[in-house]
Amino acid sequence: MASSTHPARPRRNLLPFAGVAMILLALFNGWDAMAALIDSPVVTGTDRYVFGDLHSLGWAVLALAVAQGLAGITLLTGDLPGRWFPATVLCANVFVQFVFVASYPAWSLMIIAIDVAALYAVLTAPDGRSRE
């Protein structure tokens, strides 16, 4: 049986998707942080967290939202060497969302799914170097 050689398909560049997803995630995390900071009934204030109270969680998530926004802008500008910062921020957001699973599981799992899809897009994007 003769082996057929298929031409190598170029990999798709999903970095614009990842950049837009990270900016949306930054907005979502900003809303979550504001809800935690103003004692909204959406976030249950009776839960106990290992690292402190609900306000400290709100400030941590707000800092993460700012980092996500900056990482998303970095991806949209096409800074390929700077892909590790967005990847680190996405991984951090996955862990932070596990804290919120007790309060609203469907929302947290959806955010985790978007994080994983954006992380895949960041880590599998072509780097622009020719492979010979």
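This is a short walk through the structure above, from its overall layout to its aromatic residues and its cores. The model is predicted.

Let's begin with the whole chain. It contains 4 helices and 0 strands, and reading along the sequence gives the pattern α-α-α-α. The chain has 132 residues, and buried ones make up 39% of them. Among contacts between residues at least 6 apart in sequence, 74% join residues at least 24 apart. On the outside, the chain exposes about 8,300 Å², and carbon and sulfur atoms supply 69% of that area.

A good place to look more closely is the set of aromatic rings. The model has 2 aromatic pairs, counting rings whose centres lie within 6.5 Å. In one of them, F28 and W31 have ring centres 5.8 Å apart and planes at 40 degrees, so this pair is tilted. Both residues sit in helix α1 (residues 15-37), 3 residues apart, which is about one turn of the helix. In general, an α-helix has 3.6 residues a turn, so residues three or four places apart point the same way. The surroundings of these two rings can be compared with the cut-offs for burial. F28 counts as buried because its relative accessibility is 18%, and buried means under 20%. W31 is exposed because its relative accessible area is 55%, and exposed means over 50%.

F28 also takes part in an aromatic pair with W107, and this one is edge-to-face, with 5.1 Å from centre to centre and 70 degrees between the planes. Here F28 belongs to helix α1 while W107 belongs to helix α4 (residues 105-123), so the pair ties together parts that are 79 residues apart in sequence. W107 is partly exposed, with a relative accessible area of 29%. Together, F28, W31 and W107 form one aromatic cluster.

Now step along to N29, which also has its place in helix α1. Is N29 buried or exposed? At 1% relative accessibility, N29 counts as buried. Leaving aside neighbours within four places in sequence, N29 is in contact with V61, L64, A65, Q68, N93 and Q97.

What about the nonpolar interior? The largest nonpolar core has 19 residues, and the members that touch the most others are A18, M22, L75, L90 and V122. Helices α1, α2 (54-76), α3 (84-100) and α4 are the elements that each give two or more residues to this core. The largest share, 6 residues, comes from α1. Not counting residues up to four places away in sequence, A18 touches L75, A118, A121 and V122. Apart from this core lies another, of 7 residues, with A33, L57, V61 and Y104 among them.

Finally, follow helix α2. At 1.5 Å a residue, its 23 residues should span 33 Å, and the C-alpha atoms at its ends are 33 Å apart, which agrees. Its buried residues include L57, V61, L64, A65, Q68 and L75, and what covers the buried residues of α2 includes α1, α3 and α4. Some of these names have come up before: V61, L64, A65 and Q68 are among the contacts of N29, and L75 is one of the residues that A18 touches. After α2 comes G78, whose phi is positive, near 85 degrees.

Technical notes
Residues are numbered from 1 along each chain as its sequence is written. This is a predicted model: local features need pLDDT of at least 70, side-chain atom pairs count only at pLDDT 80 or more; totals for chains, interfaces and linings use all residues. Side-chain values use heavy atoms; hydrogens and water are left out. Rings of Phe, Tyr and Trp (its six-membered ring) pair if their centres lie within 6.5 Å; planes under 30 degrees apart count as stacked, over 60 as edge-to-face and the rest as tilted. Buried means under 20% relative accessible area, exposed over 50%, partly exposed in between (1.4 Å probe, protein chains only). Contact means heavy atoms within 4.5 Å. A nonpolar core is a set of buried Ala, Val, Leu, Ile, Met, Phe, Trp, Tyr and Cys residues joined through side-chain atoms within 4.5 Å. The expected span of a helix is 1.5 Å times one less than its number of residues. Accessible areas come from the Shrake-Rupley method with a 1.4 Å probe; for residues, only the protein chains shown count as cover.
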